[in-house]
Structures are given as structure tokens and as C-alpha cells.
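Hello,

Here is the structure I promised to pass on to you. Please have it open while you read, and my notes follow below.

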Amino acid sequence: MNKWTRFKRPLMFAVLCGSVALSLQGCVEMVIGSAVMGTLAASDRRTFGAQTEDKEIVIKGEARVARLVGDAGHVNVASFNRKVLLTGEVRDQTMKSAVEREVGAIEGVQSIVNELEVAGMSSFTSRSNDTLITGKVKATFVDNKELYANAIKVVTERGIVYLMGRVTSREGQLAAEAARNVGGVQKVVKIFEYISEDDLKQMTRQNESKEKA
């Protein structure tokens, strides 16, 4: 956690940059550089294989959803450790089920949490506000010394904050409480994969060994 502190303020700026540009990762790379991005990737609680697969799942999922939904809906695809979260709005229940089947057929997907709403598409203003909320939640996690922000993925839709990641039960509760206290958050939904405190200690030791190597 102490080594992570060095990156807190630069990352907070990167998060806010991402809120405006709608492209957090590119902005982070610009602000803190590729070396730090490598450190963040190495300290992720997923394996490198899982990180790569998650990126591929999102790219494939977004492409398939775009062909299926077109202008009849607005669907976001997020993946963490091969667990996929679907958020947004679709025309009807049939389309909601079709999106889940299509994304579920992607190689590597292990499970799907379908939070799609049957409703009209959200406005640009609503989506921009969601992006801002995501940035605020991430910044809150970075400032919290009891949380490891890089272990948690934040997705916001219509003011509802979804939290994904590999965390201990204690971390999950702390993260949810921190998110609830952010202005504009209507609800917090935890979609965590829980690990034990012993697992966390082992991961911490492994990361420290990598940093020393």
C-alpha cells in the first residue's frame, strides 16, 4: 500500500481526465506513463491471462452487441476475471435475452450478470454524469488507505454503481460504503469475487517479489 501511495495523486488526475475524455486508460497512460501502467497491470489481482481475456471479451462483446442491437438500444459490456456485466437499455425482453446469449457464447466468458433495463435509451447528459460518478468513486478508492483501488472495477449506469473485482469481504464492505457516500450515487451493487485474507497476503507477497525483481 505504501508504494501505491506514490501514484495516488497522478492517478486521481487521470481518473478525472477519463471522466471528460471518456477514455480513462489512454489518459492514464498519458499522465503517468507506460512504466507505471506496467506496474498497475502487474499488481492487478487477475492473472495476466485473465486481464488479456477480459479485454478481448469486451472488444468481441461490444462488436456483437452493436450488430445485434443497432440503434434500438444502448449496451455496455464490462468484464473482470471472465465475469461479464451487461448494463444499459434495450427495446424489450427478447432483445435483453438475445444480448446475454450472444455475449455468453464468446470464448472465455464464465458467467454473465445481466443488468440491462427494458427502457428508452439514456441521454448523453445521463451518460456523462455516470462517467463523472465513476471517476469520483475511483478517486475515493485511491484516497482510501484501506483499499487497493487497482483491484476494483467501477461501472456506473443511471446513477447505479456496480463494483467488480477480487476482494476480501472486508474490502468489499469498505468499497461499497465509500461508493455510497459519493454524490450522485443512487445505489451500489456488489459483483465481487471474494478471496480470503490469506489469499490477499499471498498476493501481496508475490507482488512485492515482482517489484524487487
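Let me begin with one pair of residues: Val-155 stands opposite Tyr-162 in β6. One step further on, Thr-156 faces Val-161, again in β6. Please keep in mind throughout that this is a predicted model.

These pairs belong to the ladder between β5 and β6, which is antiparallel and has 6 bridges. The two strands form a hairpin with 2 residues between them, and in that turn Arg-158 has a positive phi of about 55°.

The sheet

β5 and β6 are part of an open sheet of 3 strands, in the order β5-β6-β7, with mixed pairing. The edges are taken by β5 and β7, each of which has a single partner strand, so one side of each has no neighbour in the sheet. On average, neighbouring strands are turned by 15° against each other, direction ignored.

On the other side of the hairpin partner, β6 and β7 pair in the parallel sense over 8 bridges. Within that pairing, Arg-166 has Glu-193 of β7 as its bridge partner. The chain gets from β6 to β7 by way of α7, and this β-α-β crossover is right-handed.

How enclosed are these strands? For β6, 8 of the 8 residues are buried, so this strand is largely enclosed by the rest of the structure. Ile-160, Tyr-162, Met-164 and Arg-166 point one way from β6, while Val-161, Leu-163, Gly-165 and Val-167 point the other way, and all are buried. For β5, an edge strand, 5 of the 6 residues are buried, so β5 too is largely enclosed by the rest of the structure.

Two helices are worth viewing along with the sheet. α7 lies across β5, β6 and β7, and runs at about 160° to β7. α6 touches β5 and β6 as it packs on the sheet, and its direction makes about 155° with that of β5.

In the loop between α6 and β5 you will find Glu-146. Glu-146 is partly exposed, with a relative accessible area of 47%. Its C-alpha atom is separated by 9.2 Å from that of Ala-175, although the two residues are 29 apart along the chain.

The cores

The largest nonpolar core has 19 residues, and those with the most contacts inside it are Val-137, Phe-141, Ile-152, Val-161 and Leu-163. At least two residues of this core come from each of α6 (124-143), β5 (152-157), β6 (160-167), α7 (169-180) and β7 (187-194). So the elements to select for a view of this core are the sheet strands together with α6 and α7.Taking Val-137 on its own, and leaving out residues up to four places away in sequence, its contacts are Val-154, Val-161, Ala-179, Val-182 and Val-185. Apart from this core lies another, of 14 residues, among them Ile-57, Val-69, Val-103 and Val-109.

Two residues with positive phi

Which residues sit in the loop between β1 and β2 with a positive phi? Asn-81 is one of them, placed in the loop between β1 (74-80) and β2 (83-90). Its phi is about 55°, although Asn-81 is not a glycine. Arg-82 lies in that loop as well, and has a positive phi of about 70° without being a glycine.

Are these two buried or exposed? Asn-81 has a relative accessible area of 14% and is buried. Arg-82 is buried too, at 17%. Leaving out residues up to four places away in sequence, Arg-82 touches Thr-47, Gly-49, Ala-50, Glu-53, Asp-54, Ile-57, Gly-108, Val-109, Gln-110 and Ser-111. Ile-57 and Val-109 in that list are also members of the core of 14 residues.

The chain as a whole

Finally, some overall values. The protein chain has 8 helices and 7 strands. It consists of 213 residues, of which 46% count as buried. Of the contacts between residues at least 6 apart in sequence, 67% join residues at least 24 apart. The accessible surface comes to about 11000 Å², and 51% of this belongs to carbon and sulfur atoms.

Best wishes

Terms used. Residues are numbered from 1 along each chain as its sequence is written. This is a predicted model: local features need pLDDT of at least 70, side-chain atom pairs count only at pLDDT 80 or more; totals for chains, interfaces and linings use all residues. Side-chain values use heavy atoms; hydrogens and water are left out. A nonpolar core is a set of buried Ala, Val, Leu, Ile, Met, Phe, Trp, Tyr and Cys residues joined through side-chain atoms within 4.5 Å. Buried means under 20% relative accessible area, exposed over 50%, partly exposed in between (1.4 Å probe, protein chains only). Helices (H or I, at least four residues) and strands (E, at least two) are DSSP runs, numbered from the N terminus. Contact means heavy atoms within 4.5 Å. Accessible areas come from the Shrake-Rupley method with a 1.4 Å probe; for residues, only the protein chains shown count as cover. Two strands pair if DSSP finds at least two bridges between them. Axes are lines fitted to C-alpha atoms, for helices over the stretch in contact, and angles run from 0 to 180 degrees between N-to-C directions. A crossover is right-handed if, with the strands pointing away from the viewer, the path from the first strand over the helix to the second runs clockwise.
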